[in-house]
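Welcome, and take a moment to turn the model around before reading on. The paragraphs below go through it step by step.

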Amino acid sequence: LQDLRDLLLDNEVVNFDPVAEAFKVYDPDNTGFVDHKVLRDMFQNLGFGEVTDEDLQILVETGDVDQDGKISLSDFRNMLDFNKAQVAAQEAEDLERTKQEAEREALREAGKVQEGEGVEGPVEPAEPAEPAQE
């Protein structure tokens with residue numbers, strides 16, 4: 001165990017590319033392109049049911065940014081960047097929605113206080129009441 005620890009501590013990883021490493025899962029034969037069988041199996045294992053040849057073609061076309069009929073490492077990177085951008089946009093939208101809801105709630109609470117709701121004791125009118133006319 002100490003030998004492994006020493007090896008890991010002394011190891012300097014240079015030029016590590018996590019995206020390229022992840023891509024290897026989709027390209028086990030190191031062809032430079034996503035293997036269709038791996039892609040089909042992956043979607044089936046994720047519970048999407050049987051992936052037909054037509055489904056597979058749609059998946060490839062969706063990921064094939066340079067439109068060469070295959071998903072390369074470059075296409076894979078573009079998909080990840082696109083997804084990151086979409087996630088960031090969704091998070092910004094969610095944050096704005098939460099902020100707007102908090103502002104609406106604060107305004108509702110302020111309105112309740114003005115109307116005398118949620119205030120303990122009698123509420124004094126803002127202006128003296130005029131005497132009733134007989």
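What follows begins with the overall picture and then visits a few places along the chain.

Please keep in mind that this is a predicted model. The secondary structure of the protein consists of five helices and zero strands. Reading from the N terminus, the order of elements is therefore easy to remember: α-α-α-α-α.

How much of the protein is buried? Of its 134 residues, 12% count as buried. The accessible surface comes to about 11,300 Å², and carbon and sulfur atoms account for 53% of that area. As for the contacts within the protein, take those with a separation of 6 or more: 33% of them join residues that are 24 or more positions apart.

Now let us start at the beginning of the chain. Here Leu1, Leu4, Leu7 and Leu8 make up a nonpolar patch on the surface. Together these leucines have about 500 Å² of accessible area. One of them, Leu7, lies in helix H1, which covers residues 2-10. Is Leu7 buried or exposed? Its relative accessibility is 57%, and because the cut-off for exposed is over 50%, Leu7 belongs to the exposed residues.

The next stop is helix H3, residues 36-48, where you will find Phe43. Which residues does Phe43 touch, leaving aside those up to four places away in sequence? They are Phe48, Val51 and Leu59. Leu59 is 16 residues from Phe43 along the chain, and the C-alpha atoms of the two are separated by 9.9 Å.

The rings deserve a look too. The protein has three aromatic pairs. One of these is formed by Phe43 and Phe48, with 5.5 Å from centre to centre and 50 degrees between the planes. Why is this pair called tilted? Planes under 30 degrees apart would count as stacked and those over 60 as edge-to-face, so an angle of 50 degrees makes the pair tilted. The two partners can also be described by their accessibility: Phe43 is partly exposed at 25%, whereas Phe48 is exposed, with a relative accessible area of 56%. Because buried means under 20%, Phe43 does not count as buried.

Elsewhere, Phe23, Tyr26 and Phe76 come together as one aromatic cluster. Finally, look for the ring of Phe33. The charged end of Lys70 sits over this ring, 4.2 Å from its centre.

Definitions and conventions. Residues are numbered from 1 along each chain as its sequence is written. This is a predicted model: local features need pLDDT of at least 70, side-chain atom pairs count only at pLDDT 80 or more; totals for chains, interfaces and linings use all residues. Side-chain values use heavy atoms; hydrogens and water are left out. Rings of Phe, Tyr and Trp (its six-membered ring) pair if their centres lie within 6.5 Å; planes under 30 degrees apart count as stacked, over 60 as edge-to-face and the rest as tilted. Buried means under 20% relative accessible area, exposed over 50%, partly exposed in between (1.4 Å probe, protein chains only). A charge sits over a ring if NZ of Lys or CZ of Arg is within 6 Å of the ring centre and within 35 degrees of the ring normal. Patches are made of residues with over 30% relative accessible area and no salt bridge: like charges are joined within 9 Å, nonpolar side chains (Val, Leu, Ile, Met, Phe, Trp, Tyr) within 5 Å. Accessible areas come from the Shrake-Rupley method with a 1.4 Å probe; for residues, only the protein chains shown count as cover. A salt bridge is a side-chain nitrogen of Lys or Arg within 4 Å of a carboxyl oxygen of Asp or Glu. Helices (H or I, at least four residues) and strands (E, at least two) are DSSP runs, numbered from the N terminus. Contact means heavy atoms within 4.5 Å.
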